[in-house]
Amino acid sequence: MRRVSKIIAAGVVSAALGLSVTACGSSSSSDSGKDKGVGIAYDVGGRGDHSFNDSAARGMDKAVKEFKIGSKEQTASNGETESDREQRLDLLAGGGYNPVVAVGFTYGDSVTKIAKKYPKTTFGIVDSVVDAPNVDSMVFATEQSSYLAGVAAALKTKTNKVGFIGGVHNTLIGTFDAGFAQGVKDTKPSVQVVRQYLYETDTKGFNDPTSAQGKAQGMLDSGVDVIYTAAGLSGDGSIQAVASKPGAWAIGVDSDQYQDPALAKYKDHILTSAIKNVDVATYDLIKSVHDGKPKTGTNTYNLANNGVSLSTSGGFISDIQSQLDAAKQKIVSGTIKVSSTP
Amino acid sequence: MKKFDKDRLVLAVAAPVLAVVGALVVTALVLLATGKEPFTAFHVMIDYGSKTDSQVYILNKATTYYLAGLAVAVGFRMNLFNIGVDGQYRLAAFFAAAAGGAMSIPGVIQIPVIILTAMVVGALWAAIAGVLKVTRGVSEVISTIMLNSLAGIVIGYFLRDGRLGVTDKEANMISTKPLPSSSHLFNFTTSTDPVFGFIVFAVLAGVIYWFVLSRTRFGFDLRAVGRSESAAEASGVSVKKMVVTSMLISGAMAGLVGMPTLLNQSYEYGTDFPTGIGFTGIAVALLGRNNPIGIGVGALLWAFLERASNGLEFEGYDKEIVGVIQGVIVLAVVIAYELVRRYGITRQQRQVGAELAAAARSGKGPGSGDGTGRGPESGPDDKQEVTA
């Protein structure tokens with residue numbers, strides 16, 4: 001039977017090879033040239049992460065509605081390779097979508113490559129800088145909004161212990177960590193900052209709410225009463241854990257998580273959110289392409305141009321608003337320099 | 001007497017066909033339940049998956065999956081469940097990348113050095129689980145899972161500025177120092193993206209796997225231990241030595257898993273290095289029934305499904321449907337083989353019974369005129385080897 005199964009397997013393989021030869025010559029992505037609207041490639045978590053990707057999605061939805069254009073969305077999966085990402089952008093650009101927005105720095109190399117292949121298409125990349133004539137690199141000074149989150153946390157903690165949870169221990173999440181810690185220290189040096197990361201290198205950290213829930217629970221048990229989570233979709237888990245403990249606060253990230261219908265159950269525990277206006281950046285890019293003047297080059301979004309901010313919905317921070325405004329003013333004027341590395 | 005047994009051929013084909021058909025039926029039902037028309041989806045998958053650039057993608061992905069499948073299969077043959085392939089290949093690729101980035105000697109020497117580093121690191125990491133099993137009786141399932149997690153932490157520790165990492169501040173990426181261009185492995189150019197040259201090594205690994213396991217004394221011992229430890233021990237095989245050795249081999253094979261990506265694509269180990277391939281390897285090894293060609297078919301099928309998921313998403317289907325197909329195929333394969341195995345045993349017993357009865361009637365001893373040596377004691381065949 002072994003011999004027989006080998007013969008069969010050999011047959012299957014040669015049949016497959018035969019089929020593959022016949023299909024040669026046609027490629028899955030060919031430049032169709034037509035303008036079909038926006039193509040967007042999300043990071044892991046995708047639309048519905050209540051955070052980072054959703055912010056980009058909001059910007060796109062707004063533009064699609066306003067300019068009455070088409071759109072196509074694609075989402076990354078855990079553990080993909082470079083060719084998966086290139087493929088995704090290639091499909092979108094080749095399918096006639098313009099601009100093509102890549103959400104997340106992992107797309108850096110793929111945008112560099114695919115932007116060269118489609119010089120007439122405008123590409124957008126969030127959180128990374130790609131040096132090409134047809135790419136809009138959108139970078140955010142998240143350390144500044146995180147600084148304000150740190151100020152709020154320091155003023156609100158009763159146990160003098162606040163926590164930071166990062167999705168992945170990388171440079172980008174380091175900017176959140178650094179800003180938050182500096183904000184806490186500058187406001188109340190006696191407050192202790194506990195920092196934890198879900199994963200060292202695996203981007204699954206942005207897509208693993210259970211793990212964030214466990215980490216948050218551990219922090220709460222050790223006396224932490226304000227937790228700032230920068231971990232995309234994983235943040236849901238952390239907010240859920242915080243909501244189960246009376247008197248504890250969660251600080252959201254990227255989107256105004258208080259307003260998120262999916263998190264409505266926990267919104268009384270969401271102190272504020274460090275907003276990263278990926279939606280504004282995405283909308284700006286789509287609008288510029290729609291107007292025929294594509295935006296390119298490196299565009300920095302910070303506190304000064306409202307590209308990042310601290311949300312006020314819920315009114316939980318209205319009592320400390322004056323201190324927050326003062327801190328914001330100092331950052332904008334340059335009196336306070338926020339470090340972007342922890 | 002080499003009679004071509006039609007029934008056996010049918011049995012051999014029955015299991016995989018049953019599995020794939022079963023998986024398609026279940027998937028069709030799932031698609032119907034979500035309110036989508038299943039046949040268009042299958043058409044999209046086949047149409048998209050057979051394009052030229054899709055073929056290149058499938059071959060490249062399958063190269064990696066094939067190696068992962070082999071690494072897992074070595075353990076399976078021994079009745080060892082090496083879940084740690086994932087950690088082994090990541091740690092191996094990381095240190096190989098770090099070593100490769102630090103050297104700049106001619107590629108002819110450097111590429112083998114990189115590959116060897118990966119194999120040694122993978123083997124050593126796997127050996128920890130092997131040694132724990134034979135000295136302390138720790139189940140390799142538990143230890144390898146924990147070692148996966150530890151591998152991630154070790155990489156995270158070293159992948160920092162000032163250690164083995166180099167940060168690209170603007171791109172928010174951190175990676176090892178890139179390999180010098182002399183250590184980029186050859187590619188096969190096609191009309192679209194190139195096919196990884198490492199595919200040659202993968203095929204070679206498959207041949208070596210086949211040869212060692214089915215044509216050497218060592219392979220025989222390994223399979224013997226896998227079938228019955230006590231029987232192997234009684235016939236003079238040192239089970240402990242076999243456990244450690246096979247973990248070493250499995251780990252060395254796992255070390256190769258990251259090589260196609262490292263030597264043919266990324267040329268560095270960064271935060272975007274693919275993860276989770278070790279688990280795909282388990283599925284692929286199960287699909288291929290630990291047979292080197294079967295694993296190849298499994299790897300190709302897996303890569304095809306992943307490629308097709310991109311096409312499905314583009315056409316407005318949920319890409320998760322491919323996850324459903326993959327899961328159902330693995331389940332169906334396990335069930336189908338079990339069903340076919342049971343049927344095969346019953347059928348064989350009936351045959352043997354008939355032969356004995358015939359022999360008794362004619363007054364001769366059983367099997368005396370049968371040159372195939374097939375009798376009740378020869379057991380079913382390799383197909384029934386225990387997997388997990």
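**Entry 1. Overall dimensions of chain A**

I began with the radius of gyration of chain A, which is 23 Å in this predicted model. A compact globule of 342 residues would have a value near 20 Å, so I recorded the two as in agreement. I then took the extent of the C-alpha trace of chain A along its principal axes and noted about 70 × 60 × 35 Å.

**Entry 2. Composition, burial and surface of chain A**

I counted 10 helices and 12 strands in chain A. I looked up burial next: 59% of the 342 residues of chain A count as buried. Among the contacts in chain A with a separation of 6 or more, I found that 69% come from residues 24 or more positions apart. The exposed area of chain A is about 12,800 Å², and I noted that carbon and sulfur atoms supply 53% of it. For charge, I listed 35 positive and 35 negative side chains in chain A, with the centres of the two sets 2 Å apart.

**Entry 3. Backbone features of chain A**

I looked for a cis peptide bond and recorded one between N98(A) and P99(A), with omega at about 0 degrees. I placed P99(A) in the loop between α3 (82–94) and β3 (100–102) of chain A.

I next examined K68(A), which is not a glycine yet has a positive phi of about 50 degrees. K68(A) sits in the loop that runs between α2 (52–67) and β2 (71–75) of chain A. Its relative accessibility is 72%, over the 50% cut-off, and therefore I entered K68(A) as exposed.

D127(A), also a residue other than glycine, has a positive phi near 70 degrees. I located D127(A) in the loop between β4 (123–126) and β5 (135–140) of chain A. Because its relative accessibility is 3%, under the 20% cut-off, I entered D127(A) as buried.

**Entry 4. Nonpolar cores**

I turned to the largest nonpolar core and noted 99 residues in it. The residues with the most contacts inside this core are M45(B), F198(B), M259(B), L263(B), Y269(B) and L312(B). Helix α3 (residues 52–77) of chain B gives the most to this core, contributing 13 residues.

I followed F198(B) further, leaving aside its neighbours within four places in sequence. I found F198(B) in contact with T63(B), L67(B), I115(B), L185(B), L256(B), M259(B), P260(B), L263(B) and N264(B).

Apart from the largest core I recorded another, of 86 residues, including V38(A), V44(A), F180(A) and V226(A). As background I noted that nonpolar side chains tend to be buried together in soluble globular proteins.

How values were computed:
Residues numbered from 1 in each chain as written. Chains lettered and ligands numbered in written order. Predicted model: local features only at pLDDT ≥ 70, side-chain atom pairs only at ≥ 80, totals over all residues. Heavy atoms only, no water. Core = buried A, V, L, I, M, F, W, Y, C linked by side-chain atoms within 4.5 Å. Buried < 20%, exposed > 50% of the residue type's maximum accessible area, 1.4 Å probe, protein only. Helix = DSSP H or I, 4+ residues; strand = E, 2+ residues; numbered from the N terminus. Contact = heavy atoms within 4.5 Å. Rg over C-alpha atoms; globule rule 2.2 N^0.38 Å. Areas by Shrake-Rupley, 256 points an atom, 1.4 Å probe, with all protein chains shown as cover. Lys, Arg positive; Asp, Glu negative; His and termini not counted. Charge placed at Lys NZ, Arg CZ, Asp CG, Glu CD.
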